[in-house]
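Where in a protein model is empty space left, and how do the elements around it meet? Please look over the model below with these two topics in mind before reading on.

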Amino acid sequence: MHFDSKGPQNTAEAVRLAKETAAERNIGHIVVASNYGDTAELFADVAAERHIVCVTHAFGYAGRGKCEMTPERRAALQAMGIDVLTTTHVLSGAERALSKSFQGYGPVEIMARTLYMLGQGTKVCVEVAVMALDAGLIPYGEDILAVGGSARGADTVAVVAPSHASSILDTRIRGIVCKPWDF
């Protein structure tokens, strides 16, 4: 399915499609990019039957030493049975500091920009899936659902078989459930 444009207005439908696809394909793990926790909370109703992992922006994204998700919101999500992961972004991380300092792009950022050709949400789906795998929150060798977006909300859902960051080129995007047509 394609949404006419990117953005948070697609969140409810993207979440519905993710839940439907998880049930149809018997996918047990859903990894959701959610910086404040709003999108992740929309999966609370399936947290008893599916493992939900919320991946936030890293500390420092919103300013040095700052995280967009409050400790209270993190605790609330965890009480709903949702794991919350805050860690370095696998497709930027330390490489972004070098590209800013030296005015160029390294191979990891080129990979990220290449994924952007399918939309920002597709890049986010791959990134959060690999981050969750590297954190040991999802199993290696299984298809998972990844939910991403363009800034706020969700507009992209993909079936992904992630590999670790150290073997990221072995990651497979099995299918795109939904994404924006115009991004």
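What follows goes from the pockets to a pair of helices and then to a glycine in the loop between them.

The model is predicted, and every value given here was computed from it. Rolling a probe the size of a water molecule over the atoms shows where empty space is left. In this model the largest pocket holds about 630 Å³ of space, and of the 33 residues that line this pocket, His57, Tyr61, Gln120, Lys123 and Val124 are the closest to its centre. Three helices, H2 (38-41), H5 (107-115) and H6 (120-134), each contribute at least two residues to the lining of the largest pocket, and among the contributors H6 gives the most, with six residues. Sorted by class, the lining of the largest pocket consists of 12 nonpolar, 13 polar and eight charged residues.

The second largest pocket has a volume of about 270 Å³. Its lining is made up of Ala58, Phe59, Gly60 and Tyr61, together with Thr88, His89, Ser92, Gly93, Arg96, Ala97 and Lys100. By class, four residues of the lining of the second largest pocket are nonpolar, five are polar and two are charged. Tyr61 therefore deserves a second look, because this residue is listed both among those closest to the centre of the largest pocket and in the lining of the second largest pocket.Attention can now turn to two helices. Helix H4, which spans residues 93-102, packs with H5 at an angle of about 100°, and the axes of the two helices lie 8 Å apart. Angles of 65 to 115 degrees count as roughly perpendicular, so H4 is roughly perpendicular to H5. In the contact between these helices, Glu95, Arg96 and Ser99 of H4 meet Pro107, Val108 and Glu109 of H5, and the residues of this contact divide into two nonpolar, one polar and three charged. Arg96 of H4 takes part in this contact and also lines the second largest pocket.

The loop between H4 and H5 contains glycine 104. Is this glycine buried, exposed or partly exposed? Its relative accessible area is 31%, and because buried means under 20% and exposed means over 50%, glycine 104 counts as partly exposed. Leaving aside residues up to four places away in sequence, glycine 104 touches Ser99 and Glu109, and both of these residues also belong to the contact of H4 with H5. Glycine 141, by comparison, lies 37 residues from glycine 104 along the chain, and the C-alpha atoms of these two glycines are separated by 34 Å.

Key. Residues numbered from 1 in each chain as written. Predicted model: local features only at pLDDT ≥ 70, side-chain atom pairs only at ≥ 80, totals over all residues. Heavy atoms only, no water. 1 Å grid on protein atoms, 1.4 Å probe; cavity = no way out; pocket = protein on both sides within 12 Å on 5 of 7 lines; lining within 4 Å. Points joined across faces, edges and corners; volume = space filled by probe spheres on them. Helix = DSSP H or I, 4+ residues; strand = E, 2+ residues; numbered from the N terminus. Nonpolar A, V, L, I, M, F, W, Y, C, P; charged D, E, K, R; others polar. Axes fitted to C-alpha atoms, helices over the stretch in contact; angles between N-to-C directions. Parallel < 35°, antiparallel > 145°, perpendicular 65-115°, else oblique. Contact = heavy atoms within 4.5 Å. Buried < 20%, exposed > 50% of the residue type's maximum accessible area, 1.4 Å probe, protein only.
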